[in-house]
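Please walk through this structure with the sequence alongside. The account starts at one helix end and works outward.

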Amino acid sequence: MNHHSRVNPFEIALWVLGAVLIVGGIASSAWAIGRLGGGGPNSAGFVATQLIYTVAPAAVTAGLVAIVAALAFRAALLVVARRAASLAEEAPLVEPSATTVTMEAPGPASSAESALQGAPVSFDPPRFRQRQRATDHSAFKRPS
């Protein structure tokens with residue numbers, strides 16, 4: 001199978017962001033727990049410790065959500081690639097002349113309508129519909 005994989009910088013950034021948030025949240029929580037009991041409520045260390053207690057769990061949660069989103073994005077890309085590959089193998093291109101549709105109205109009732117009616121209108125299908133697509137129900141079939 002000739003598979004060209006391109007690097008998506010946004011997907012890489014999502015993976016890195018998720019890892020940094022998880023590792024940073026856990027490391028900062030460990031630092032804050034190690035400072036527990038040091039300094040009074042007016043010291044700078046106390047304020048930093050309380051801030052980390054507030055932000056670290058949210059950072060870990062956001063990192064986990066980013067990792068799940070990156071996995072879902074990768075899975076969606078794989079499904080789209082598989083579907084495109086199966087469509088390319090199964091359905092040949094349809095000749096455009098076979099899909100051209102002309103619409104002709106019945107004869108005009110008055111001379112005013114005959115003046116408005118010109119040549120028959122031809123509707124060419126858009127490019128994305130030139131392929132005969134078979135509906136893929138394989139995800140819903142029972143294993144045999």
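Which residue caps the N-terminal end of α1? Asparagine 8 does: one of its side-chain oxygens lies 3.1 Å from the backbone nitrogen of phenylalanine 10. The model is a predicted one, and the distances and areas that follow are computed from it.

Some overall figures set the scene. The protein contains four helices and two strands, and from the N terminus the order of elements is α-α-α-β-α-β. Of its 144 residues, 10% count as buried. The protein exposes about 11,700 Å², and carbon and sulfur atoms supply 65% of that area. Among contacts with a separation of 6 or more, 64% are between residues 24 or more positions apart.

Helix α1 covers residues 9-34. Its length can be checked against its residue count: the 26 residues of α1, at 1.5 Å a residue, should span 38 Å, and the end C-alpha atoms are 37 Å apart, so the two values agree. The buried residues in α1 are Glu11, Gly18, Ile22, Gly25 and Ala32. An α-helix has 3.6 residues a turn, so residues three or four places apart point the same way. What covers the buried residues of α1 includes α2, a helix made of residues 44-90.

What does glutamate 11 touch, leaving aside its neighbours within four places in sequence? Its contacts are Ala70, Phe73, Arg74 and Leu77. Glutamate 11 is found in helix α1, and it counts as buried because its relative accessibility is 7%, under the 20% cut-off. Its contact with arginine 74 is also a salt bridge, in which the closest N and O atoms are 2.5 Å apart. This pair links distant parts of the chain, with arginine 74 in helix α2 and glutamate 11 in helix α1, 63 residues apart. The C-alpha atoms of glutamate 11 and arginine 74 are separated by 8.3 Å. Side chains of opposite charge can pair when their charged atoms come close. The structure holds one salt bridge. The two partners fall into separate accessibility classes: glutamate 11 is buried at 7%, whereas arginine 74 has a relative accessible area of 34% and is therefore partly exposed.

Further along α1 comes leucine 21. Is leucine 21 buried or partly exposed? Its relative accessibility is 24%, so leucine 21 counts as partly exposed; the cut-off for buried is under 20%. Leaving aside its neighbours within four places in sequence, leucine 21 is in contact with Ala59, Val60, Ala62 and Gly63. Between the C-alpha atoms of leucine 21 and alanine 58 the separation is 9.1 Å, although these residues are 37 places apart along the chain.

Threonine 49 gives a view from the other helix, since its place is in α2. With a relative accessible area of 6%, threonine 49 is buried. Not counting residues up to four places away in sequence, threonine 49 touches Trp31, Ala32 and Arg35. Of these, Ala32 has already been named among the buried residues of α1.

The last feature lies on the surface. Which residues make the nonpolar surface patch of about 380 Å²? The patch is made by Val7, Ile12, Val16 and Val20. Isoleucine 12 has its place in helix α1. At 43% relative accessibility, isoleucine 12 counts as partly exposed, because the value is neither under 20% nor over 50%. Helix α1 thus holds both isoleucine 12 of the patch and the buried glutamate 11.

Definitions and conventions
Residues numbered from 1 in each chain as written. Predicted model: local features only at pLDDT ≥ 70, side-chain atom pairs only at ≥ 80, totals over all residues. Heavy atoms only, no water. Patch = residues over 30% accessible without salt bridge, like charges linked within 9 Å, V, L, I, M, F, W, Y side chains within 5 Å. Areas by Shrake-Rupley, 256 points an atom, 1.4 Å probe, with all protein chains shown as cover. Salt bridge = Lys/Arg side-chain N within 4 Å of Asp/Glu carboxyl O. Buried < 20%, exposed > 50% of the residue type's maximum accessible area, 1.4 Å probe, protein only. Expected span 1.5 Å × (residues − 1). Contact = heavy atoms within 4.5 Å. Polar contact = N/O pair within 3.5 Å; in protein donor to acceptor, adjacent residues only side chain to side chain.
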